[in-house]
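Colleague: I am new to this structure, and I would like to understand how each label attached to it is justified. Could we go through the labels one at a time, setting each value against its cut-off?

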Amino acid sequence: MVTKTIAKSYMSDLLLLFLGGLLVAVAIERWNLHRRIALKILLLVGSEPRWLMLGMMLATWFLSMWISNTATTAMMIPITEAVLQQLKGTLTTDNLSDEAEDVKGSVEKQKIGDSEKANGTSKPEPEEPGSPETPREKHYRLMCKGMSLSICYAANSGGIATLTGTGPNLVLKENADKLYAEHGLSSPVNFASWIGFGLPLSALVLFVCWIWLQIAFLRCRGLCQCCTSSEEKTAQGKRVKAIVRQEYEKLGPITFAEGAVLFWFIMLVVLWISRDLGGVGGWGDLFAEGSVSDATPAILIGVCLFFFPSRLPFRRRTHAPERYSVNGIPVEVDDDDDYRLKPLLLWSDAHSKVPWSLFLLLGGGFALSEGCKQSGLSAWMGEQLEVFSSVDKWGMLFILCYLTAAMTEVTSNTAISILLMPILTTLALRTGVHPLYYMFPAALSCSFAFMLPVATPPNAIVFSYGHVRVVDMMSAGLVMNILAVPLLVMATGTWGDAMFDFGNIPAAFLNSTSALASQA
């Protein structure tokens with residue numbers, strides 16, 4: 001391949017879509033809107049451990065659809081730790097009076113602990129010799145494992161719900177767009193169609209994960225209603241509500257900037273979904289065919305964030321400049337920063353928080369995929385895999401999904417999808433199967449990285465807090481992989497087939513299949 005062709009892979013339309021989504025995510029993080037949403041959800045759910053777990057999972061799941069899974073996990077884990085500290089006081093002490101606890105001290109202690117964990121200086125608290133673990137302490141330890149795992153599992157599940165949720169989704173779209181363009185067809189993979197397929201599947205995986213973690217860590221271990229007295233539940237609820245409400249009140253009333261960011265976020269989602277409503281129409285029909293894509297509103301909204309003010313423009317100074325003296329010399333302080341009109345997003349924020357290295361990873365992957373295709377490597381590997389042509393399509397899906405889920409535990413999710421997409425495209429064309437029938441399950445299986453800390457950054461963050469051992473994550477994650485893959489295969493064969501019509505292969509693909517067969 002020549003340099004000019006390769007260079008196009010590093011700044012494609014899909015990467016601009018990713019950039020626009022990341023700019024909105026950075027604005028959400030800058031104004032703490034994600035933290036407000038998470039704490040509000042926790043205030044709405046009950047104070048029982050299972051409902052607290054669901055609330056934390058819902059908050060993590062929703063946020064990971066729009067901002068990076070790593071940032072979501074890093075934000076949610078300290079909140080989870082603070083809640084667990086309050087539950088510890090109820091579950092491991094005998095004094096269950098309604099007397100007020102020093103919540104502030106607990107929060108400060110938690111912040112110190114979080115800082116130590118981030119710096120790698122934290123040490124487990126020494127256990128007193130000769131003091132065996134009580135049943136309540138054991139129950140609390142198991143609950144910490146379940147709560148911690150729920151955060152990283154929810155982040156991984158949320159990434160498959162939207163097109164920009166995680167890297168493998170973008171890899172699938174890039175390969176699907178190229179495949180359809182080569183055959184003179186319009187790709188059916190867009191933000192709206194992805195939401196229709198991925199969101200229900202993501203919700204199902206989240207629900208199954210919640211049920212499984214309850215069975216594994218909260219099932220009748222002194223933490224449910226049948227094993228807890230009303231006094232304990234009341235004390236526990238008050239402590240948890242106190243810590244969550246205190247953290248929420250620290251945010252203060254919703255500001256103009258938060259409201260503005262929320263407005264632009266909702267506007268972007270609406271524009272993404274309404275551009276192409278699957279044959280019904282959309283605002284994309286107002287332009288020439290192929291002139292706009294999902295990247296168009298993403299960049300538009302992203303640029304607007306650099307201009308839209310973070311406060312009302314007509315705000316006026318309400319007090320005179322402050323005066324004080326330093327060493328007897330009068331000094332006048334005019335706090336211009338409070339009154340200068342600043343935008344919602346500064347370039348310094350985008351420069352420091354956007355993961356620019358990911359663009360090189362994705363761009364290099366797209367270049368590698370194209371190189372595999374141009375060199376004939378994808379065709380050769382697809383030919384070798386024709387030995388599976390006698391396997392039933394459903395059986396092939398199970399083999400493909402479980403194999404991908406296993407590989408993604410020890411290799412980058414994006415790298416696995418980059419290698420698999422062109423190979424699966426060729427395999428599908430050679431065996432007379434709709435290419436998306438293999439591509440969708442394989443790409444989504446790359447997000448089923450539940451078993452090892454090295455599988456994804458969210459797993460590593462949770463593991464670093466010390467509640468979860470490798471064996472805990474492996475045992476819980478193995479069951480999640482076993483349960484998630486059948487859900488994916490079911491989604492592909494039901495509403496996925498209804499949306500993308502996997503049973504009917506376009507005629508252009510059939511002609512390509514005949515050409516490949518004649519070459520073989």
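Colleague: Why is Cys446 called buried?
Modeller: This is a predicted model, and in it Cys446 has a relative accessibility of 0%. Because the label buried is given under 20% relative accessible area, the value of 0% places Cys446 among the buried residues.

Colleague: How do you know that Cys446 is not bonded to the closest cysteine sulfur?
Modeller: The closest cysteine sulfur to that of Cys446 belongs to Cys401, and the two are 9.7 Å apart. A disulfide calls for sulfur atoms within 2.5 Å, so the distance of 9.7 Å is too far for a bond. By the same rule the count of disulfides in the protein comes to zero.

Colleague: What makes Cys304 partly exposed?
Modeller: Its relative accessibility is 22%, and partly exposed covers what lies between the buried limit of under 20% and the exposed limit of over 50%, so Cys304 counts as partly exposed.

Colleague: Why is Val387 called exposed, and where does Val387 lie?
Modeller: The relative accessible area of Val387 is 62%, and since exposed means over 50%, the label exposed applies to Val387. As for its place, Val387 is in the loop between α15 (377–384) and α16 (393–407). Val387 also belongs to a nonpolar patch on the surface, formed with Phe388, Val391 and Ile399, and together these residues have about 320 Å² of accessible area.

Colleague: What makes the pair of Lys178 and Glu174 a salt bridge?
Modeller: The side chains of Lys178 and Glu174 meet with an N to O distance of 3.8 Å, and because a salt bridge requires a side-chain nitrogen of Lys or Arg within 4 Å of a carboxyl oxygen of Asp or Glu, the pair satisfies the rule. Both residues are in helix α8 (residues 167–182), and because they are four residues apart, they are separated by about one helical turn.

Colleague: Are Lys178 and Glu174 buried or partly exposed?
Modeller: The two receive separate labels: Glu174, at 10% relative accessibility, counts as buried, whereas Lys178, at 27%, counts as partly exposed.

Colleague: How do you know that Lys178 forms a salt bridge with Glu370?
Modeller: The closest N and O atoms of Lys178 and Glu370 are 3.5 Å apart, and with the cut-off set at within 4 Å, this pair too is a salt bridge. The pair links distant parts of the chain, with Lys178 in helix α8 and Glu370 in helix α14 (residues 356–375), 192 residues apart. Glu370 has a relative accessible area of 15%, so the label for Glu370 is buried.

Colleague: What makes Lys250 and Glu247 part of a network?
Modeller: The side chains of Lys250 and Glu247 meet in a salt bridge of 3.1 Å, N to O, which falls within the 4 Å cut-off, and salt bridges link Arg35, Glu247 and Lys250 in a network. Lys250 and Glu247 both lie in helix α10 (residues 230–250), three residues apart, about one turn of the helix. Lys250 counts as partly exposed at 45% relative accessibility, while Glu247 counts as buried at 11%. For the protein, the count of salt bridges by this rule comes to ten.

Colleague: Why is Ser193 called buried, and what does Ser193 touch?
Modeller: Ser193 has a relative accessibility of 10%, and because buried means under 20%, Ser193 counts as buried. Leaving aside residues up to four places away in sequence, Ser193 touches Pro188, Met499 and Phe500. The side chain of Ser193, which is in helix α9 (residues 191–218), reaches the backbone oxygen of Pro188 at 2.8 Å, within the 3.5 Å limit for a polar contact.

Colleague: What makes Pro78 partly exposed, and how far apart are Pro78 and Tyr465?
Modeller: Pro78, in helix α5 (residues 69–91), has a relative accessibility of 22%, so Pro78 counts as partly exposed. Pro78 and Tyr465 are 387 residues apart in sequence and 9.5 Å apart in space, C-alpha to C-alpha.

Colleague: Which totals describe the protein?
Modeller: The protein has 22 helices and two strands, and buried residues make up 49% of its 520 residues. About 24,100 Å² is exposed, with carbon and sulfur atoms supplying 62% of that area.

Technical notes:
Residues are numbered from 1 along each chain as its sequence is written. This is a predicted model: local features need pLDDT of at least 70, side-chain atom pairs count only at pLDDT 80 or more; totals for chains, interfaces and linings use all residues. Side-chain values use heavy atoms; hydrogens and water are left out. Patches are made of residues with over 30% relative accessible area and no salt bridge: like charges are joined within 9 Å, nonpolar side chains (Val, Leu, Ile, Met, Phe, Trp, Tyr) within 5 Å. Accessible areas come from the Shrake-Rupley method with a 1.4 Å probe; for residues, only the protein chains shown count as cover. Buried means under 20% relative accessible area, exposed over 50%, partly exposed in between (1.4 Å probe, protein chains only). A polar contact is a pair of N or O atoms within 3.5 Å; within protein, one must be able to donate a hydrogen and the other to accept it, and residues adjacent in sequence count only if both atoms are side-chain atoms. Contact means heavy atoms within 4.5 Å.
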